[in-house]
Amino acid sequence: RAALAALRKSLIAWLDLEAPYEAARTRVLVGLASRALEDHEAAGQELEAAREEFEKIGAAPSAHRVLELKRKPARGSSVTSLSPREIEVLKLVASGKTNRGIAGELRISEKTVARHVSNIFNKLDLSSRAAATAYAYRQRIL
């Protein structure tokens, strides 16, 4: 809630400075924070306003990303949504191990490791091992 209040102040500042790209980026963050607080109506409004602004200023990739965010249902994007085994795998991914190295350490198949990594990416809405590593550090999993 505190972050949402700070984001709203930032949004007002960007709007006052007539900085549309930064304001749109901040709207995305406000939308995601609102979603995390389960205020789905406010989240949808902020994400839509951000998408419209990105389109208006010609920032097509950003507008597309916002569309993806709007389409995705809110996921349990917290470490608590991971199984104990997925947390183990995430720790090893974050430490730089390959799927083969993880499989050897946990004594499971590489295919099973790949499935765990895929589940982690889906549950946490991540797209790469680097993003998973950053997430693990932010959440103090390591």
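This passage looks at the second largest pocket of a predicted model and at the helix that gives the largest share of its lining.

The second largest pocket holds about 210 Å³ of space. Two elements give two or more residues each to its lining, namely helix H2 (20–36) and helix H4 (60–71). H2 provides the largest share, with 5 residues. The lining as a whole is made up of Tyr21, Arg25, Val28, Leu29, Leu32, Phe54, Ser62, Arg65, Val66 and Leu69. Sorted by class, these are 7 nonpolar, 1 polar and 2 charged residues.

Among the lining residues, Ser62 invites a closer look. Ser62 belongs to helix H4. With a relative accessible area of 19%, Ser62 counts as buried, because the cut-off for that class is under 20%. Once neighbours within four places in sequence are set aside, Ser62 is in contact with Tyr21 and Phe54, and both of these residues also line the pocket.

Turning to H2, its length can be checked with simple arithmetic. The helix has 17 residues, so at 1.5 Å a residue it should span 24 Å, and the end C-alpha atoms are indeed 24 Å apart, in agreement. The buried residues of H2 are Ala23, Ala24, Thr26, Val28, Val30, Gly31, Ala33, Ser34 and Arg35; Val28 is also listed in the pocket lining. Helix H1 (2–16), helix H3 (40–56) and H4 are the elements against which the buried residues of H2 pack. After H2 comes Glu38, which has a positive phi, near 65°.

Conventions. Residues are numbered from 1 along each chain as its sequence is written. This is a predicted model: local features need pLDDT of at least 70, side-chain atom pairs count only at pLDDT 80 or more; totals for chains, interfaces and linings use all residues. Side-chain values use heavy atoms; hydrogens and water are left out. On a 1 Å grid over the protein atoms alone, a cavity is a set of points where a 1.4 Å probe fits but cannot get out, and a pocket is an open set with protein on both sides within 12 Å along at least five of seven lines; lining residues have an atom within 4 Å of a point. Grid points are joined across faces, edges and corners, and a volume is the space filled by probe spheres set on the points. Helices (H or I, at least four residues) and strands (E, at least two) are DSSP runs, numbered from the N terminus. Ala, Val, Leu, Ile, Met, Phe, Trp, Tyr, Cys and Pro count as nonpolar, Asp, Glu, Lys and Arg as charged, and the others, Gly among them, as polar. Buried means under 20% relative accessible area, exposed over 50%, partly exposed in between (1.4 Å probe, protein chains only). Contact means heavy atoms within 4.5 Å. The expected span of a helix is 1.5 Å times one less than its number of residues.
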